[in-house]
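Visitor: I would like a close look at one part of this model. Please take me through the sheet in the second domain of the first chain, and then place it in its surroundings.

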Amino acid sequence: MYAIETRGLTKVYGGRRVVDDFAMTVQPGDIYGFVGRNGAGKSTVMKMICGDVAPTAGEVVLFGCEADGTAPAPTGASAPRGKGEGARRIGALIEEPGLLPGLSAYRNLMAKALAWGIVDAPARCEEALRLVGLAGAGSRKVRGFSLGMKQRLGLALALLGNPDVLLLDEPFNGLDPEATRAMRNLIVRLNQSLGITVVVSSHVLDQLDRMVTRYGVIAEGRLVRQMSAADVAAECGSSLRVRTADTACALALLQEAFPALTFRAEPDGSLAISGDCDAAAVAQVLRDKDQVVLEFTQDHRDIEDYFVELMEGGASHV
Amino acid sequence: MFNLLKSDMYRLVHGKMLWVATAVLAGCIVLCAVMMHWVSDPQFLCDAAQMSATVTVGDAAEPDAADEAAREMAEAAAGERERALDDASGISEGDGASDSGASFEALLEFEDPSSLSAADFEETSREMRTIEAPTFMFGDMLVSGGFLGALVSVVVALLLASDFSTKFVRNLPMDRRGRVAYYGGRLLLVAVVALYFLAVGCALSLAAFTAAGFTFAALDGAAELLVFLGLSWLCLAAYGCLTAVLVWLTRSAQAGVAFALVVATGIAGTVVGSLLQNLGAAVPALAAVQPWLLSTCMNHDLALPATSLLLPAEGAVWAIPVGVQVALVGAFWIAASAVLALSVLRRRDV
């Protein structure tokens, strides 16, 4: 059972398909990095998942049950129990935190807690403030908060009600390096200590790279690719580029000799070999089998280049 | 829905807006009471009578056409006092008391204010400080002038628009298949806000005018009071609901405030009413619409003594009482707002 599953999710604004047949799966416990250009549809997808925007077509399934809780709930302890129960399991911080500037941080939290009918609201609000490191600023009016504090308060609002899934849209926007690190550590802590599944979209790829367990790439409203962090590391890390006179034969030989490595045939006839590979060992195998080597180079691919390539490929494909 | 209402009440109580609006309401009521106390003071009446007599006698001696405007102003200002003084002192004004020209003539007869004793002014003051009934005061001062309607609408506009301007709405529970709870909760909130301002306005005006020495000729019966307050609340809530729908459609506080100032005050209603009356000469059906305007109910019907709400409405089918007519109009606009919000607006994304 997925924490989040979208099926054929589509949103049309004024005849333009902003999100088109979007199918994404997020496993419970994931920190899911959602990557895409500006305007690719990330925020719209997140808004549809948390219920702020109604999909034109398709559905959102949360923990195996339709997000509005209308479908029969599957058996199991973690299954949603009633109408709107699925939505209650999501906390979201999308675009910018929705805060009431005239109220204190604590009262912002209380206003949300009362609206959701959260039991023991004052204690939950204090706890949320403590969790995001704003315990000392609870009585201060939000109007005087820095951007970082507002983001943290937004996160505290998202955490109210003990959600199982957090949707965070550009949580590092406008934060200085120290605040960015604090926010990243907080997200990881929430995931590891409380078991909260996190979907985080960001343009700061090196921040995602440090915490994400799975990636999803969106281009022009379509999901281009989903992969694990290990896959990305393998594809972005050092790789060998080998071009031989007989590509098919070389591929078969190398796959047999190095079953743990990943091989990809490139359009120019070369082989891209990624994974923990020893260049000398690969060269030895090719020499032993009398393969004519035309090119043998070691590549280093930047994660940014990798995602840009994926997004461009996705966009041109779409 | 009730959780949302609880949350909104929390925001209102802990925010500034409610208290600023309450202070404005209290300030206006106190100012009104102080002014009424001042103009009904026996000394003020005496001074005003002397001043009016001097001005009008001078005008009468040389009836200059160029001073016609000043004459009319003096006449208008003296009109109310004159009637009261006439009642008190028995000064004759002929048989044309309701005619403005005759009133002015009567003022001319009022040549010697020294002929009036202090007791006359005391008596006049006492009469001026005797209000027909509490509901008459509430209706005349709070409801019919459009002040309370505008205040409720402004508060509703600012409060509801802040949901979208601050994006706090994203923190609120939203049913994916429609925002029934959200809009339903907000309409309930409008009713609560209208009730609050009506209750506070009535209580404050009662306290302020009592403290200023005003008394009531008669007290309303419980039924009359309830009917008046219920109908006033309905009309205020109707204006509030219409403001809410406009804010939800436009997502703009400015649009809501503009509506409050132009429509909820009754200005637009007066214009439409006049237009309908004029067009009614040609198309009688249009004139029949005028009593059914929300502004007519608020600015005219609720300004009358509460007992008149039980009288048959003028020109209404089946001779229904005025109160029923007001209730129908108020309920219609609340229902129309609710239908629009719960059918069309609930599909809008936040």
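Guide: What follows starts at that sheet and works outward to the rest of the model. Keep in mind that this is a predicted model.

Start with the domain itself. Chain A is split into domain 1, residues 4–228, and domain 2, residues 238–300. The centres of the two domains, taken over C-alpha atoms, are 43 Å apart.

Now the sheet. It is an open sheet of 4 strands from chain A, in the order 12-13-11-14, and the pairing is antiparallel. Strand 12 (262–265) and strand 14 (293–300) of chain A form its edges, each pairing on one side only. From one strand to the next, the twist averages 20°.

Look at one pair in detail. Strand 11 of chain A covers residues 238–244 and runs antiparallel to strand 14 of chain A, with 7 bridges joining them. Within this pair, Val242(A) stands opposite Phe296(A) of strand 14. That gives you a residue pair to find on screen.

Next, the helix on the sheet. Helix 9 of chain A, residues 247–257, lies across strand 11, strand 12 and strand 13 (271–274) of chain A. Against strand 12 of chain A, helix 9 runs at about 170°.

Step back along the chain to the end of domain 1. Domain 1 of chain A closes at residue 228, and strand 10 of chain A spans residues 222–228. Strand 10 runs antiparallel to strand 9 (residues 214–219) of chain A, and 6 bridges join the two. Ile218(A) has Leu223(A) in strand 10 as its bridge partner. Between strands 9 and 10 of chain A, the hairpin has 2 residues. Glu220(A), in this hairpin, takes a positive phi near 45°.

Now take chain A as a whole. The chain has 11 helices and 14 strands. Its C-alpha atoms fill a box of roughly 75 × 45 × 40 Å along the principal axes. Of its 318 residues, 44% count as buried. Among contacts in chain A with a separation of 6 or more, 67% are between residues 24 or more positions apart.

Chain A also touches chain B. At this interface, 26 residues of chain A are in contact with 24 residues of chain B. On the chain A side, helix 3 (residues 105–116) gives the most, with 7 residues. That side divides into 16 nonpolar, 5 polar and 5 charged residues.

Turn to the partner. Chain B has 15 helices and 2 strands. Of its 350 residues, 40% count as buried. Residues 24 or more positions apart account for 80% of the chain B contacts with a separation of 6 or more.

One helix of chain B is worth a stop. In helix 6 of chain B, residues 118–128, the buried residues are Asp120(B), Phe121(B), Thr124(B), Ser125(B) and Met128(B). Why do they line one face of the helix? Viewed down the axis of helix 6 of chain B, these buried residues fall within an arc of 135°, so they line one face. The face turned away from the buried side carries exposed residues, Ala118(B) and Ala119(B).

Finally, return to the starting point. The sheet to keep in view is the open one of 4 strands in chain A, with helix 9 of chain A lying across strands 11, 12 and 13.

Conventions:
Residues numbered from 1 in each chain as written. Chains lettered and ligands numbered in written order. Predicted model: local features only at pLDDT ≥ 70, side-chain atom pairs only at ≥ 80, totals over all residues. Pairing = 2+ DSSP bridges. Buried ≥ 20, exposed ≤ 12 C-beta atoms within 10 Å, placed from the backbone. Contact = placed C-beta atoms within 7 Å. Domains from an automatic or database assignment. Nonpolar A, V, L, I, M, F, W, Y, C, P; charged D, E, K, R; others polar. Arc of directions from axis to C-beta. Axes fitted to C-alpha atoms, helices over the stretch in contact; angles between N-to-C directions.
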